[in-house]
Amino acid sequence: MEHASNPIDPLQSDRILQEMAAQNMELKRIRKVLEAIINASEEAISVVDENGLGMMINPAYTRITGLTPKDILKKPAGEDIAEGKSVHLQVLKTRKPIKGAHLKVGPGKKHVTINAAPVIVDGKLMGSIAVIHDFSELKQLTEALSTARHIIRKLESKYTFADIIGESEAMQITVASAKNAALVPATVLLRGESGTGKELFAHAIHHASPRRNKKFIRVNCAAIVDSLFESELFGYEDGAFTGARSGGKKGWFEEADGGTIFFDEISELSMNTQAKLLRVLQEKELVKIGGIDVIPIDVRVITATHVDLVAAVDQGRFRHDLFYRLNVMPIFIPPLRLRKGDIERLTEHIVRKLNQEFGRNITEIMPETHTRLRRYHWPGNVRELENILAQTIAQMGFFKTMIRPEHLPDLKMPSGAPYALSNGVGEDAGNGKNGLEIHQGMGDLEQHLPDPGEDLKSFLAHTEAAFIRKILKKNNGNRTKAAKALGISIRSLYLKIEKYGIGRF
C-alpha cells in the first residue's frame, strides 16, 4: 500500500523564501557598508579570497600603486608586486598575520609597508585582507635627512657618548675617563683590542669637547704609504715636487686647525714620521713641504692603537719621547669578553640598526640566543658581534621576526685561542656581578713564578701578574675591591689586566 507524501505547506514555503530574501538583502547591505568603509579609507586596502584571487581594492590602493580593479580583481595575488613576495599568499599559507613587510608594488615600484591578516569565519579560512602604507615619501625624507647628517658629520663628529652602549662597571669607568678627557685639550691615547670601539670613543670625545663645532679628521696610519705621509700631514706649496697640485695643498693639521685630529693605529708610523709628528706636537707649528713660512696650529690630538706601546718602545719600534707626549691621558677600552653583561643591550641595538639597513622586522631575540652569544669569547669584540648578527639576519627568512639560537652561525673557538670559556663561565664578566672567572686552579703564588734562569724583568712581571690574579680571586673577581686591596687606581688595574692577559687564566 502506497503512503501519500506530505504536501508542502505553501505558507511555510513563502516564509522560508521571505527569510532567505531578507538574509540576502542583509548580506548585500553589509557588503555595501563594508565597501563604503573600505573605499572611504585613506589607507590602501586589498582583499583576496581563499584561493588567493583578488576580490576588492579601494581607490587609495589605485592611487598608491597605479593599478585599477581591472588589473587586480580575479587575478592571482602577487600580480601587483614589483619586488618581494606576496604577503597574501603567506597569510593564506600560515593563517597568521604579518606586520611591517617591505615591498615594491605597481609599475612605478612604489616602496610600501604592508600589514596583512587572515579572514576566518566559523573556523574556515575565507581569504586575506591587507593594509598598504606608502613608504616612498618617508623613505625619501629619511634619505635626505641621512645625507644632511652625513654632511654635518664630515664637519663635526660621527658619534657621541650616547652612541656608546655599556652599563658594565668596566665600560662605565672607561666612559667616565673619556668624558673627563673631553673637557681638557691634552692628548689622549686610546688603547684596546681591534673591534672594541676606539674610533667611536675618539668621535665622542671630540663631540663633547669645546672643539665640537670644528673639524674632526681621522687618519688611518696603517693605510698610507710612508713616502706620502709627510705631504698629507703637513701639506705642500705649489711646485714643491713633481706631481704636486697646482696652488699647493693644505695638510691634515692645517685642515683640522681649531678642531681634532685622530691618528688611528699610531704604532704603524715609521720612526722618521714619528720624529716629525713629535716636533709639531711640541712646537705647535709646522712648515709645509717646499715652504718657508711657519704656520701656527691649534689642534687636539687623539691617538689609538691595539699594540702595547710600552713594549714597542722597549723594542725600539716607537719613540719614547713621542710615547710620553701621546700618553698624557691614557684610556683603556675593555674587550667584550670582560664586559659580557653588555652583550644583550649591544645585540638589541645592532639588530635595530640592521633592521633598517636590511629592510627586516626582527622584533624579538630569544633568551637562549642571548645565552649562546654570552658564552662565546669574542676575539673580534663588538665588530665581530656586528658581523655575526649581520650574517644571521641576512640568512634568515624574510618574514621571520625572532632570532633563535639555531639562526646563529657556528660560534667556535679558534684552535689554540687563549680565552676558552666553559659552559656559562664568564657570562657576567665585567658587569660587577661575578667579575673575572677563574678557569684553572690558582694554587700558591709560587706556582706562577718563572723557571730559574729568566731575567729580573721577566721575574718581576710574572710575580706581579700572579699576585694580581691572587687578589682578584680573593675578591671574587671584583676589580674595584681588588684595585683598593692592591693600592692602585682602577684604571691602572685594567691596564695591568690587559698587559698580562689575566683574562686567560
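Visitor: Of the 505 residues of the protein, what percentage count as buried?
Guide: Happy to start there, with a reminder that this is a predicted model. A residue counts as buried when its relative accessible area is under 20%. Of the 505 residues of the protein, the share that meets this is 40%.

Visitor: How many helices and strands are there in the protein?
Guide: The strands number 17. Alongside these strands, the count of helices in the protein is 18.

Visitor: How many aromatic pairs does a search of the whole structure find?
Guide: Rings pair if their centres lie within 6.5 Å. With the whole structure searched, the number of aromatic pairs found is six.

Visitor: Are the rings of Phe 229 and Trp 252 stacked or edge-to-face?
Guide: Their centres are 5.6 Å apart, and their planes stand at 75°. Planes over 60 degrees apart count as edge-to-face. The pair of Phe 229 and Trp 252 is therefore edge-to-face.

Visitor: Which helices hold Phe 229 and Trp 252?
Guide: This pair links distant parts of the chain, the two residues being 23 residues apart. Phe 229 belongs to helix 8 (residues 226–234), and Trp 252 to helix 9 (residues 252–255). In that order, the names are helix 8 and helix 9.

Visitor: Is Trp 252 buried or exposed?
Guide: Its partner Phe 229 has 2% relative accessibility and counts as buried. Trp 252 has a relative accessible area of 14%, and the cut-off for burial is under 20%. So Trp 252 is buried.

Visitor: What kind of pair do Tyr 376 and Trp 378 form?
Guide: Both residues are buried, Tyr 376 with a relative accessible area of 8% and Trp 378 with 0%. Their ring centres are 4.6 Å apart. Because their planes lie at 80°, the pair is edge-to-face.

Visitor: Which residue lies over the face of Phe 161?
Guide: For a charge to sit over a ring, NZ of Lys or CZ of Arg must be within 6 Å of the ring centre. Here the distance from the ring centre is 5.7 Å. The residue over the face of Phe 161 is Lys 179.

Visitor: Are helix 13 and helix 14 roughly parallel or roughly perpendicular to each other?
Guide: Helix 13 (residues 343–358) and helix 14 (residues 367–375) have their axes 10 Å apart and pack at an angle of about 115°. Their contact includes Ile 343 and Thr 347 of helix 13, and Leu 373 of helix 14. The crossing is right-handed. From the angle, helix 13 and helix 14 are therefore roughly perpendicular.

Terms used. Residues are numbered from 1 along each chain as its sequence is written. This is a predicted model: local features need pLDDT of at least 70, side-chain atom pairs count only at pLDDT 80 or more; totals for chains, interfaces and linings use all residues. Side-chain values use heavy atoms; hydrogens and water are left out. Rings of Phe, Tyr and Trp (its six-membered ring) pair if their centres lie within 6.5 Å; planes under 30 degrees apart count as stacked, over 60 as edge-to-face and the rest as tilted. Helices (H or I, at least four residues) and strands (E, at least two) are DSSP runs, numbered from the N terminus. Buried means under 20% relative accessible area, exposed over 50%, partly exposed in between (1.4 Å probe, protein chains only). A charge sits over a ring if NZ of Lys or CZ of Arg is within 6 Å of the ring centre and within 35 degrees of the ring normal. Axes are lines fitted to C-alpha atoms, for helices over the stretch in contact, and angles run from 0 to 180 degrees between N-to-C directions. Angles under 35 degrees count as roughly parallel, over 145 as roughly antiparallel, 65 to 115 as roughly perpendicular and the rest as oblique. A crossing is left-handed if the near helix is turned anticlockwise from the far one by less than a right angle, and right-handed if clockwise. Contact means heavy atoms within 4.5 Å.
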